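Biologist: Could you take me through one part of this model closely, namely its salt bridges, and tell me where the paired side chains sit and how buried or exposed they are?

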Amino acid sequence: MTQQSEAPSPSVADTVRRDWWRDAVIYQVYPRSFADGNGDGMGDLQGVRDRLPYLRDLGVDAVWLSPFYASPQADAGYDVSDYRAIDPMFGTLHDADGLIRDAHDLGLRVIVDLVPNHTSDQYDWFRRALAEGPGSPLRERYHFRDGKGENGELPPNDWDSIFGGPAWTRVADGQWYLHLFAPEQPDLNWENQAVRDEFRSILRFWLDMGVDGFRIDVAHGLIKADGLPDVGSAEQLKLLGNDSMPFFDQDGVHEIYRSWRQILDEYDGERIAVAEAWTPTVERTANYVRPDELHQAFNFQYLGTHWDADELRAVIDVSLAAMEPVGAPATWVLSNHDVTRHATRFAHDVHLGTQLREAGDRELGLRRARAASLLMLALPGSAYVYQGEELGLPDVVDLPDEVRQDPSFFRAAGQDGFRDGCRVPIPWTREGSSYGFGSGGSWLPQPAEWAGLSVEAQTGDPGSTLELYRAALAARRVHLGPEAGEELRWLQLPDGVLGFVRGDLVCLANTTAAPVRIETDGRVVVASSAVPPVTAGLLDLPADTTVWLAR
Ligand code: NOJ
């Protein structure tokens, strides 16, 4: 890892630390739920802009914004109808420009979401493809097919949509089109040159706007197997992530990323891309971050691991080992806008998955979430923090069905798709309309107890989760910068305890329900719950607690 040669500057415009992204902490902003600048109940770019100093003070390196492009919002903006325009509900291009400039002035980098697997059904190409009918060259930019059966009344193959139901919808002239997600999100045909050219141009548009990188939505989905063969299973969704699928992780995607890398490298300032790539193995994920492809890939195996020392150690080892041969940094993530927040996942003793509708034991969940976050922030590589996790927010598991907006909830007839629970707007103040989110209420209702979880309520309280994150991120800069290297050395510890040395820090995590006595030395730098000092070479590490010790 390269040593930082120049003095840190408050502005990324002035100085670019080489490889800044290899150990960056990247904060995910979900624009509709972060802060509402114009009081319409929906978050927007002005709201984000106003709160950038909060993110600078929190101590993150970069902000990743989920989509804010023009969109009919069939899937909360992951259905884009104009990749070069801002949806009026979020603001204007002028606001985006101001946001990028302000962020840079504060030393924060900006990563935007790119949605290349599908467009909105309101995208100009798709509307024209529908209007022009079978045989139109615009249909070639999507996957239009005739159906099976005597009258073409059956879908062209057996693929299921990730959101439930068939992945094909029939149009008035009898043809079918493919949509791996909602029907309002038709899949693009990436074998088509016009599609490739358009996205290279979109990349340049945002790079010219000054963004520092892209999060690539469904990066594993762009190429489909030749001839669109059947999966041959009625339980396809259960196979996702474990088995190879004809619509995911096809080798052809890598050529696309190699061409994008060339574009990123043409720009100064180390612009990056991070893949949302669901593949059957971490080794397959590593293919997306070979030196001439993307820079990072999300580590969903880590996100899917329960609070258990053995499981965590195994996934950490596998993740580091998989990235090593390709030279990419590992990444770590515990929450995002698609899964139940980790404070709620860990509130259950058994691992129930990442789509929950039960609150569990809130106190336990929060205690473990804090410990899990502190462990994550000590690991070598880059860490992703989802807005609100620094407040210890739980999922809102009891949203009334009538306020839900997640399309997968409706496609799965209410059996799945509880993603709205992690998308409830952030509480900033103890009082006021929507606890300071904005002056005009909030598009999803916030629980009354969130007043006590607001930024205002937690600021200055040394026991709060917000102050824990602030302290951890400050200590990370001091102890776990580039000089700490990208390796860790595991320690032999009692069952249920995980620990390693990095740089001059020892990180110890007790995942059990009882305190454990550990032989160690060092001074407590930060801890996820109150820990006694190390005395005569011994530390009584409380249950469900992580501590960083400096030696
Ligand atoms: C992954 C995004 O994170 C999710 O929110 C979205 O629904 C799908 N991709 C489809 O774009």
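**Salt bridges, pair by pair**

Modeller: In this predicted model, E293 counts as buried because its relative accessibility is 0%. Its partner in a salt bridge is R290, with the closest N and O atoms 3.0 Å apart, and R290, at 27% relative accessibility, counts as partly exposed, so this pair joins a buried acid to a base that falls between the limits of 20% and 50%.

A second pair is made by R368 and D544, whose closest N and O atoms are 3.5 Å apart. R368 belongs to helix α13 (residues 362-378), while D544 lies in the loop between β19 (538-541) and β20 (545-550), and the pair therefore ties together parts that are 176 residues apart in sequence. Here R368 counts as buried, at 7% relative accessibility, and D544 counts as buried as well, at 3%.

A third salt bridge brings together the side chains of D173 and R139, at 2.6 Å from N to O. Because D173 lies in the loop between β7 (168-170) and β8 (176-178), and R139 in the loop between α5 (124-132) and β6 (144-145), this contact ties together parts that are 34 residues apart in sequence. With 38% relative accessibility D173 counts as partly exposed, whereas R139, with 3%, counts as buried.

Beyond these pairs, D75, D338, D406, R419 and R423 are linked to one another in a network of salt bridges, and the structure holds 35 salt bridges.

Technical notes
Residues are numbered from 1 along each chain as its sequence is written. This is a predicted model: local features need pLDDT of at least 70, side-chain atom pairs count only at pLDDT 80 or more; totals for chains, interfaces and linings use all residues. Side-chain values use heavy atoms; hydrogens and water are left out. A salt bridge is a side-chain nitrogen of Lys or Arg within 4 Å of a carboxyl oxygen of Asp or Glu. Helices (H or I, at least four residues) and strands (E, at least two) are DSSP runs, numbered from the N terminus. Buried means under 20% relative accessible area, exposed over 50%, partly exposed in between (1.4 Å probe, protein chains only).
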